[in-house]
Amino acid sequence: MTQPMQIDFESRHRTYPWSDAVLIVGNTIVLGPRRHNHVFCPNWQHDLILIRRDDQWHCQCKGALEIDTQPVQGEGQLKYNSRVEGVDFSLSIEAVG
């Protein structure tokens, strides 16, 4: 799933292509309700962990989870443009460029 990507910072306030936020991730990123998580999401019940393994992205969650409208138990594989939904969150994985 590795894809060359380039985001240009045109100023301190703007990227091209346009984005709400940019997260720079190594192999793992943790989103959730704990202040020590990489991304603090105070209204979530459970952590969502995104993991890069064997050139593919996977996600793990202890709560209910759907990827592209399919129920997932524990861990599921992501694709570009996947939609991830939990009880109290939803997000999309989008390719750049």
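# Sheets, core and salt bridges

Q: Does Glu75 count as buried, partly exposed or exposed?
A: The relative accessibility of Glu75 is 29%. Buried means under 20% relative accessible area, exposed over 50%, and partly exposed in between, with a 1.4 Å probe and protein chains only, so at 29% Glu75 counts as partly exposed.

Q: Which pLDDT do local features need in this model?
A: Residues are numbered from 1 along each chain as its sequence is written, and side-chain values use heavy atoms, with hydrogens and water left out. This is a predicted model in which totals for chains, interfaces and linings use all residues, side-chain atom pairs count only at pLDDT 80 or more, and local features need pLDDT of at least 70.

Q: With which residue does Arg53 form a salt bridge, and how many residues apart in sequence are the parts that this pair ties together?
A: A salt bridge requires a side-chain nitrogen of Lys or Arg within 4 Å of a carboxyl oxygen of Asp or Glu, and the closest N and O atoms of Arg53 and Glu75 are 2.7 Å apart. Arg53 lies in strand 5 and Glu75 in strand 9 (strands being DSSP runs of E, at least two residues, numbered from the N terminus), so the partner is Glu75 and the parts tied together are 22 residues apart in sequence.

Q: What is the N to O distance in the salt bridge of Arg34, and with which residue does Arg34 meet?
A: Arg34 is partly exposed, with a relative accessible area of 43%, whereas Asp47 is buried, at 18%. The two side chains meet in a salt bridge with an N to O distance of 2.5 Å, the partner of Arg34 being Asp47.

Q: Where does Lys79 lie, and where does its salt-bridge partner lie?
A: Lys79 forms a salt bridge with Asp68, and the closest N and O atoms are 3.8 Å apart. This pair links distant parts of the chain, 11 residues apart, with Lys79 in the loop between strand 9 and strand 10 and Asp68 in the loop between strand 7 and strand 8.

Q: Which side chain makes a polar contact with the side chain of Ser82?
A: Ser82 lies in the loop between strand 9 (75-77) and strand 10 (83-86), and at 1% relative accessibility this serine counts as buried. A polar contact is a pair of N or O atoms within 3.5 Å; within protein, one must be able to donate a hydrogen and the other to accept it, and residues adjacent in sequence count only if both atoms are side-chain atoms. The side chain of Ser82 reaches the backbone nitrogen of Lys79 at 2.8 Å, and its side-chain partner, at 3.1 Å, is Asp68.

Q: Which strands each supply at least two residues of the largest nonpolar core?
A: A nonpolar core is a set of buried Ala, Val, Leu, Ile, Met, Phe, Trp, Tyr and Cys residues joined through side-chain atoms within 4.5 Å. The largest one has 16 residues, and those with the most contacts inside it are Leu48, Cys59, Leu65 and Val84. At least two residues each come from strand 3 (28-32), strand 5 (48-53), strand 6 (56-61) and strand 7 (65-67).

Q: What does the twist average from one strand to the next in the sheet of four strands?
A: The four strands form an open, antiparallel sheet in the order 8-7-10-11, where two strands pair if DSSP finds at least two bridges between them. Strand 8 (70-72) and strand 11 (90-92) are the edge strands, each pairing on one side only. With axes as lines fitted to C-alpha atoms and angles running from 0 to 180 degrees between N-to-C directions, the twist averages 25°.

Q: Which residues are the bridge partners of Leu65 in strand 8 and in strand 10?
A: Strand 7 runs antiparallel to strand 8, joined by three bridges, and strand 7 also pairs with strand 10 over three bridges in the antiparallel sense. The partner of Leu65 in strand 8 is Val72, and in strand 10 the partner is Gly86.

Q: Which strands stand at the edges of the sheet of five strands?
A: The five strands form an open sheet of mixed pairing in the order 4-3-5-6-9. Each edge strand has a single partner strand, so one side of each is left without a neighbour in the sheet, and the edges are strand 4 and strand 9.
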